[in-house]
Structure formats: C-alpha cells, structure tokens
Amino acid sequence: MYTEICKKLGIEYPIFAFTHCRDVVVAVSKAGGIGVLGAVGFSPEELKAELDWIDEHIGDLPYGVDIVIPQKYEGMGDMSPEDLERELWKMVPQEHIDFAQKLLADAGVPEWPDGTKSMGLLGWTEATATPLLMEALTRPKCKLIANALGTPPADKVKMIQDSGRLVGALCGRVKQAKAHKEAGLDFIVAQGGEGGGHAGDVGSVVLWPQAVAAAAPVPVLAAGGIGNGQQMLAAMSMGCAGVWTGSLWLTVEEAHAEPAQKESLLKASSEDTVRSRSWTGKTCRMLKNEWTEAWERPDAPSPLGMPLQGMVSGDGIRRTSRYASVGDCQKVAFNPVGQVVGQINHVESTRAVIFRLVTEYVDALDRVNNLMPQDS
C-alpha cells in the first residue's frame, strides 16, 4: 500500500481525506493518511483562521488544501473579486432569488442573524480562489494543492510547483485526465459518477483504469465509491496510487456537522442521492430532497451556471448548515454526498475509519491471494 506518492508526502497510507472540517484534517493526518481542507466557502480571513488552527494542532505532519477554479464560468476576466461580484449580481434574475428564499422560508429555516440574503461570490472563480491559494502557500506544512474543477491555470501550476508543493486536480473523464497530464500536474484524482459533489457520468470501475492508462506515469488517485478496504483494494488493483475519499468523513466523531445533518446521512441509502445543478450550477451529487425536486418542477426557474447559481443558493447553504435541526430544514438542506452513503450507517472516530480501511484492505488482499492455486 506504500506508494510513491506516500514517499513524496511523508505519509503512511495513501488515503486522502477531503473535508471542510479542520478537526478531521488533523485527525486523518495523525492517523497516517493526509487531510485535505476544502477551502471553498471560506473568505481569505476565515481560511487563515482555519489554517492557523491546523498548524497549531497537526504537529509536523502534512496536510493539503483544495480550491475551486473552474475552467469556464460566467463573468470570466481580470476583474477584482469585488468588481466581479457586482457585475455577476446584475446577471442574477430576481425570480431565482425569490424562488430559493421561499423554499427556505416554507421549511421554517431561520434567516441569517444579520438579515443578509447572500454569502457573496464564494471561492468559485479565479478571482476569489486566488487569495485562498496565496494563503495556503504561506503554510510550510501544506504539502499539496488540489483543484476541484478542471485543470488549474498554468501560472497557478507553476506557482505551486515552484513552492515545492504537489499540485493536482479532479477529473471525471479520460480527456480531462489527459489534459491534466499535459499541464504537468503532479497527481490526478479520477472521480467516478457515484462520487459526492461535482462528479461526471462515468462509473468508477470503468473510469479508474482508463484514467491510469491515459495519465501514466502521473499517479492517479481513485475517488467515488470508496467506503471500505475492499473498494480501496479494487482501486489499487487497477493501478491507482491511492484513494481520495470525502463522504466517509461527513459523519465521523470529529466532523462539525449538526446532529440532524449527520442523522440524514446515516439514514440514507445509496438510492437516496441525486445529481443536481440546483445548488452550484454544475452537476453535483447530494441527498435528494424537496429542494432538489423543486428546481426540477416545470414552473421552476432553470438553474443558472456557475457561479451564479451558487450566489442564489449560498444563503441556503449557510442557513441549512447552521440551522440543520430547526423546523423542516433537512427537507431543503444541502447535503453533498456520494452513493457510498448507503455504507455509512454509524458514527466512527476518524482513527477508527483509517484503521478499518487498512484492516479490510489487508483481509481482502489475503482473500484474493488465497484464490490462487497452491503448488503441491
């Protein structure tokens, strides 16, 4: 299980944990994997506070930061974040804002304390993601940067690599894996369509070996459908250099999620997810509920592109997170998760999850090896 990428990062197991929770980042790295903090949703000031805390608690262990710079988005250009946001708001129809706000109100979700109706632009553009990247690059213990949507701009790739860090990106198609390789990335995350968040159409078992072949010799990490050691072994047997996991960490003891949100995830089956554009503007897998169904109705406005739809739904993201247990919040809550949610039905500590993955991997490998005929 000890692959070349483990050696480069100084980690024991090639288990990468994507999470928005700083406690999980630290716990995973302390258990032998590497925690990767999702930065989208944080302001530069908030990210600084999160990374300060991680640096203080992680010891000498490495971690990563995940940013979101899509290849194409509404309003692309060289504007400042403030100017870009002003211009983008002009492109958001009031109909969409009213529709989203009514869904939240009908479910009894309290308004944000200061009465504002928006989280702003978030880190879903190059203009807003760049300050997050610059903050991450000030941290010596941050050893990798991942881009969640598309190949990072060439100047950002050079900046990251010149700093001595690894840079990678997610892909859901073989052609994207090839583009990442041509851009000189250090690793590629191949995420099958069953994965949570922004995922493509191709299933993991089909995508992984094709991505490995297309990207060689660049290491490929397997994502989408990794919930136990048997699935990890399947990925490694196809040539993957490790696994990139996300849904696994939503319900662990260290996760910050409210009890009602954890309960929704723990009760869900693998059939309870849906791919929807209703939150971010790009196809994203999440728990289906009244929010996702409402945006599919004939009388509903069509979801906007990224980042416009995220500007419409951002208030809902923060409110359904903070007030997860209030009223009928879970009927309209944003709960991104993969189909592997059906395997997650009780709370574990982060260390226990890592130990379980490794133990199941070894047991599965022994089982497969025992299928080979023995010499008499």
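## Strand pairing, cores and helix packing

Strand 10 and strand 11 (residues 284-287) run antiparallel and are joined by 4 bridges. The structure described here is a predicted model.

### The open sheet

Within this pair, valine 274 has methionine 286 of strand 11 as its bridge partner. Strand 11 also pairs with strand 7, again in the antiparallel sense, over 2 bridges. On that side, histidine 198 is matched with cysteine 284 of strand 11 as its bridge partner. Together these 3 strands make an open sheet with the order 7-11-10 and antiparallel pairing. Strand 7 (197-198) and strand 10 (273-276) are the edge strands, each of them pairing on one side only.

### The barrel

The model also contains a closed barrel of 8 strands, in the order 1-2-3-4-5-6-8-9, whose pairing is parallel. From one strand to the next, the twist averages 25°. Helix 9 packs on this sheet and touches strand 5 (166-171), strand 6 and strand 8. The direction of helix 9 makes about 170° with that of strand 8.

Strand 1 is mostly covered, with 4 of its 5 residues buried. Strand 1 pairs in parallel with strand 9 (residues 242-245) through 3 bridges, and it pairs in the parallel sense with strand 2 over 4 bridges. Phenylalanine 16 takes part on both sides: it stands opposite tryptophan 244 in strand 9, and its bridge partner in strand 2 is isoleucine 34. Strand 2 in turn pairs with strand 3 in the parallel sense over 3 bridges, and there glycine 38 has aspartate 66 of strand 3 as its bridge partner.

The bridge counts for these pairs, from the open sheet and the barrel, are collected below.

| Strand pair | Sense | Bridges |
|---|---|---|
| strand 10 and strand 11 | antiparallel | 4 bridges |
| strand 7 and strand 11 | antiparallel | 2 bridges |
| strand 1 and strand 9 | parallel | 3 bridges |
| strand 1 and strand 2 | parallel | 4 bridges |
| strand 2 and strand 3 | parallel | 3 bridges |

### Nonpolar cores

In soluble globular proteins, nonpolar side chains tend to be buried together. Here the largest nonpolar core comprises 36 residues, and Ile15, Val220 and Trp249 have the most contacts inside it. At least two core residues come from each of strand 1 (15-19), helix 2 (22-30), strand 6 (187-191), helix 9 (204-215), strand 8 (220-223), helix 10 (229-237) and helix 14 (350-369). Helix 14 is the leading contributor, giving 6 residues to this core. Apart from it lies another core, of 29 residues, which includes Ala107, Ala127, Val312 and Cys329.

The surroundings of valine 220 can be listed in detail. Beyond its neighbours within four places in sequence, valine 220 is in contact with Ile188, Ala190, Ala211, Val212, Ala215, Cys240, Ala241 and Gly242.

Helix 2 has a run of buried residues: Val24, Val25, Val26, Ala27, Val28 and Ser29. The elements covering the buried residues of helix 2 include strand 1, strand 2 (34-38), helix 3 (44-57), strand 3 (63-67) and helix 14. After helix 2 comes glycine 32, which has a positive phi near 110°.

### Helix 10 against helix 14

Two packed helices are described by the angle between their axes and the distance between the axes. For helix 10 and helix 14, the packing angle is about 60° and the axes are 7 Å apart. The crossing of helix 10 past helix 14 is right-handed. Helix 10 contributes Gly229, Gln230, Met232, Leu233 and Met236 to the contact, while helix 14 contributes Leu357, Glu360, Tyr361, Ala364, Leu365, Arg367 and Val368. By type, the residues of this contact are 8 nonpolar, 2 polar and 2 charged.

### Cis peptide bonds

Where in the chain does proline 217 lie? Proline 217 is in the loop between helix 9 and strand 8, and the peptide bond leading to it from alanine 216 is cis, with omega near 10°. A cis peptide bond also links methionine 306 to proline 307, with omega about 5°. Proline 307 belongs to the loop between helix 12 (290-294) and helix 13 (308-322).

Key:
Residues are numbered from 1 along each chain as its sequence is written. This is a predicted model: local features need pLDDT of at least 70, side-chain atom pairs count only at pLDDT 80 or more; totals for chains, interfaces and linings use all residues. Side-chain values use heavy atoms; hydrogens and water are left out. A nonpolar core is a set of buried Ala, Val, Leu, Ile, Met, Phe, Trp, Tyr and Cys residues joined through side-chain atoms within 4.5 Å. Buried means under 20% relative accessible area, exposed over 50%, partly exposed in between (1.4 Å probe, protein chains only). Contact means heavy atoms within 4.5 Å. Axes are lines fitted to C-alpha atoms, for helices over the stretch in contact, and angles run from 0 to 180 degrees between N-to-C directions. A crossing is left-handed if the near helix is turned anticlockwise from the far one by less than a right angle, and right-handed if clockwise. Ala, Val, Leu, Ile, Met, Phe, Trp, Tyr, Cys and Pro count as nonpolar, Asp, Glu, Lys and Arg as charged, and the others, Gly among them, as polar. Two strands pair if DSSP finds at least two bridges between them.
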